[in-house]
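User: Could you take a close look at one part of this model for me, the salt bridges? I'd like to know who pairs with whom and how buried the partners are.

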Amino acid sequence: MIGFIDAVKMFYRRYTDFEGRSSRAEYWWVQLFYIIAFIVLAIPIGLSSGSSGEPNVLAMLPIGIFVLAGILPMIAVQIRRFHDQDKSGWMLLLTLIPYVGGLIVMVFMLLKGTSGPNRFGSDPLGNDADTFS
């Protein structure tokens with residue numbers, strides 16, 4: 001089982017790697033990291049809004065940079081998750097379906113990957129024994 005720190009390190013090591021496979025643990029630990037970081041960065045926005053209710057633009061700058069810097073690696077890890085299930089990374093385009101696309105992709109991110117190697121590489125969990133022989 002991959003831990004939180006290992007998953008985040010692996011994620012940043014493979015920042016723009018659209019090839020290969022990623023385990024469910026890597027994907028979901030990274031999601032947790034992004035949620036926690038987003039909340040931590042959003043706290044100053046809430047504190048700076050004061051009684052007017054309008055957020056301070058300067059306080060929004062770090063969260064904007066964080067979101068922009070995270071778009072490409074989040075797409076990469078989702079594509080690697082599709083590869084883990086022996087599906088094309090183009091399946092990520094399902095997110096463009098209004099209302100349900102994101103939910104469909106989330107369900108795919110929950111599914112177990114193929115055991116052993118597939119056309120996208122070796123099993124990220126180390127189960128490289130060929131199950132077909």
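Analyst: Here is a walk through some of the salt bridges, with a focus on one small network. Keep in mind that this is a predicted model, where local features need pLDDT of at least 70, side-chain atom pairs count only at pLDDT 80 or more, and totals for chains, interfaces and linings use all residues. Residues are numbered from 1 along each chain as its sequence is written, and side-chain values use heavy atoms, with hydrogens and water left out.

Searching the whole structure turns up five salt bridges (a side-chain nitrogen of Lys or Arg within 4 Å of a carboxyl oxygen of Asp or Glu). Asp-84 takes part in the network: its side chain meets Arg-21 at 2.8 Å, N to O. Asp-84 sits in helix H3 (residues 57-84) and Arg-21 in the loop between helix H1 (4-13) and H2, so this pair ties together parts 63 residues apart in sequence. Helices here are DSSP runs (H or I, at least four residues), numbered from the N terminus.

Asp-84 also bridges to Arg-81, at 2.7 Å, N to O. Those two are three residues apart in H3, which means about one helical turn between them. Through shared partners, Arg-21, Arg-81 and Asp-84 join into one network.

How buried is it? Asp-84 has 4% relative accessibility and counts as buried; Arg-21, at 4%, is buried as well; and Arg-81 is buried too. (Buried is under 20% relative accessible area, exposed over 50%, partly exposed in between, with a 1.4 Å probe and protein chains only.)

Another bridge pairs Asp-17 with Arg-14 at 3.2 Å, N to O. There, Asp-17 is partly exposed at 28%, while Arg-14 is buried at 18%.
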